[in-house]
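Q: Could you take me through one helix of this protein slowly, as if we were looking at it together? I would like to know what follows it, which way it faces and what lies around it.

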Amino acid sequence: MARSSAVTPVITTLGLLAVACGGSTPPRPEPAPVAKSTAIVGATLWDGTGRAPVPNAVTLVRNDRILCAGAAGECIVPAGSRVIDARGRYLIPGLIDSHVHLLFITRGSAGEELGLDLRDLLAQGITTVRDMGTDPAGLLSRVRSLHAAPRVHAMQLVAGRRFFFNGFHGTPTARGTIYRQPPAMAMQQLGWNPIQFDPESDAEAVVAQAREAGAMGLKLYAQLDSGSVRRLTQAAHRAGMPVWGHAWVQPASVMEQVTGSQDGVVHAAGLAGELFTVEDRDTLVRDGDLQAATAAVATVGAAHDPRVLAALDSMARKGTMFEPTLDAVRHSVASYDAKLRHIPSLQEEYVRSASRFGMEVTREAVRRGVSISAGSDHVAYGPASDRATLFGELRLLVDSIGLSPTAALLAATRDAARAIGGQPGRQVGTIQKGRYADLVLLAKNPLDDIGNLEYVELVMVGGKVWRPGQLRSGIAMR
Ligand SMILES: [Zn+2]
């Protein structure tokens with residue numbers, strides 16, 4: 001496939017461009033050189049902390065950090081600063097996509113997809129992403145060599161024995177028995193690196209291995225019981241690492257994940273797990289069986305089932321975060337809608353019911369005070385039309401779930417930073433003194449219409465300025 005290679009990386013290192021301020025030669029030994037500041041002046045500032053937008057604001061950046069952000073009188077622009085005239089514009093924190101999958105190895109190579117995809121994400125104003133499980137070590141080493149990219153954090157995938165060895169379970173069909181390979185094998189073929197955890201495994205060792213690979217937390221994927229969830233979570237928390245997981249992780253239910261102090265759950269449709277009996281949860285561990293059972297129970301009405309609501313209420317009470325990943329499901333539904341010849345399949349039935357149920361579950365979650373992170377489940381691989389985006393997720397949160405644009409933006413800034421957690425999460429997500437200078441300047445007000453996030457004029461990552469036109473590869477148009 002032809003790819004545009006005519007993208008020229010142009011960086012402006014702000015500190016270097018500032019004009020040196022004058023002053024006579026000091027009589028004493030010279031003090032350390034004062035780093036030059038950049039002042040973004042005149043924009044309406046929405047800082048993501050929850051305070052009202054500040055008109056005609058001044059935001060000061062020095063090196064890679066925010067020095068001051070507020071009304072004109074609050075932040076004094078040092079002489080010699082580089083000034084960016086932002087009158088009539090809107091300044092928001094750099095966006096965070098807390099759920100992406102970036103590294104895909106085909107024929108032994110990651111190709112150029114990863115670098116081009118990260119440039120596109122940056123062009124959309126996304127300055128931090130969290131990879132929810134590929135190969136942390138392989139991903140992070142590749143990202144280090146890239147010039148233009150958001151901050152990348154990686155989670156380590158963990159799953160139970162049956163994910164790795166399913167005994168090549170056969171499903172009888174009219175054409176004979178179909179044998180599926182273990183799910184882990186498909187992942188490993190893409191270069192992903194899931195770690196196996198069994199009830200008798202050493203949780204500390206798994207955490208140490210994840211850490212060694214550069215992961216900042218664990219992503220629990222499948223085939224884990226409630227005891228395993230609890231032990232992994234405790235071990236990770238002792239190491240200061242967050243633990244997220246699929247809603248549900250067969251056989252552990254969302255309620256058990258919450259009770260086990262997991263930090264967040266992903267995929268709204270997975271709340272269907274709460275609708276199964278304990279015995280069903282123990283036996284519905286194979287993909288085909290699970291999809292059929294989910295398609296059967298996940299009706300719109302079931303989203304209001306007391307067992308689903310109890311899980312959501314416990315999430316709200318314990319502060320367990322929720323990533324519905326609605327745009328990814330919307331893409332799957334759209335691909336079925338676009339098919340000319342329509343042969344009904346279990347997979348399609350599953351996708352359609354998961355979509356309707358997931359939407360309704362997300363509405364209930366919002367109503368019941370569950371904290372939302374707008375992670376999209378974006379993949380840096382395959383046709384652009386199949387890739388979920390943070391922009392698409394935010395649109396759905398506003399248009400279909402009923403969040404205000406402000407609430408949706410919080411789910412991609414302040415609250416997404418909380419989802420990322422740990423030290424990395426405390427340095428991004430809001431425009432506040434001491435945080436990274438990760439900023440987006442927009443031509444139109446996103447609080448009026450979340451669609452205005454399309455009008456990115458400038459993206460700053462750690463003080464470096466990028467213009468979308470410098471970054472777009474043309475692959476991932478939304
Ligand atoms: Zn995912």
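A: Let's start at the end of helix H6: it is followed by Gly214, a residue with a positive phi, near 95°. Keep in mind as you look that this is a predicted model.

Now step back into the helix itself. H6 spans residues 203-212, and Val206, Val207 and Ala210 in it are buried. Where do these residues sit around the axis of H6? They cover an arc of only 100°, which puts them on the same side of H6. Turn to the face that points away from this buried side, and you will find the exposed residues Ala205 and Glu212.

What covers the buried residues of H6? The cover includes three strands, S9 (151-159), S12 (195-196) and S13 (217-222), together with helix H7 (226-238).

Let's follow one of these neighbours, strand S13. It is mostly covered itself, with six of its six residues buried. S13 also has strand partners. Five bridges join it to S9, and these two strands run parallel. If you would like to find one such pair in the picture, look for Ala159, whose bridge partner in S13 is Ala222. S13 is joined to strand S14 (residues 243-246) as well, by three bridges, and this pairing is parallel too. Here you can look for Leu218, which stands opposite Val243 in S14.

So far we have looked at a helix beside strands; for contrast, here is a place where two helices meet. Two packed helices are described by the angle between their axes and the distance between the axes. For helix H12 (residues 326-337) and helix H14 (residues 390-399), the axes come within 8 Å and cross at roughly 95°. H12 and H14 are therefore roughly perpendicular to each other. On the H12 side the contact is made by Leu326, Asp327 and Arg330, and on the H14 side by Gly392, Glu393 and Leu396. Sorted by class, this contact has two nonpolar, one polar and three charged residues.

Finally, zoom out to see the setting of H6. The protein chain has 18 helices and 20 strands. Of its 478 residues, 50% are buried. Among contacts with a separation of 6 or more, 73% are between residues 24 or more positions apart.

To put our helix back together: Val206, Val207 and Ala210 are its buried residues, S13 is included in what covers them, and Gly214 comes after the helix.

Conventions
Residues numbered from 1 in each chain as written. Predicted model: local features only at pLDDT ≥ 70, side-chain atom pairs only at ≥ 80, totals over all residues. Axes fitted to C-alpha atoms, helices over the stretch in contact; angles between N-to-C directions. Helix = DSSP H or I, 4+ residues; strand = E, 2+ residues; numbered from the N terminus. Parallel < 35°, antiparallel > 145°, perpendicular 65-115°, else oblique. Contact = placed C-beta atoms within 7 Å. Nonpolar A, V, L, I, M, F, W, Y, C, P; charged D, E, K, R; others polar. Buried ≥ 20, exposed ≤ 12 C-beta atoms within 10 Å, placed from the backbone. Arc of directions from axis to C-beta. Pairing = 2+ DSSP bridges.
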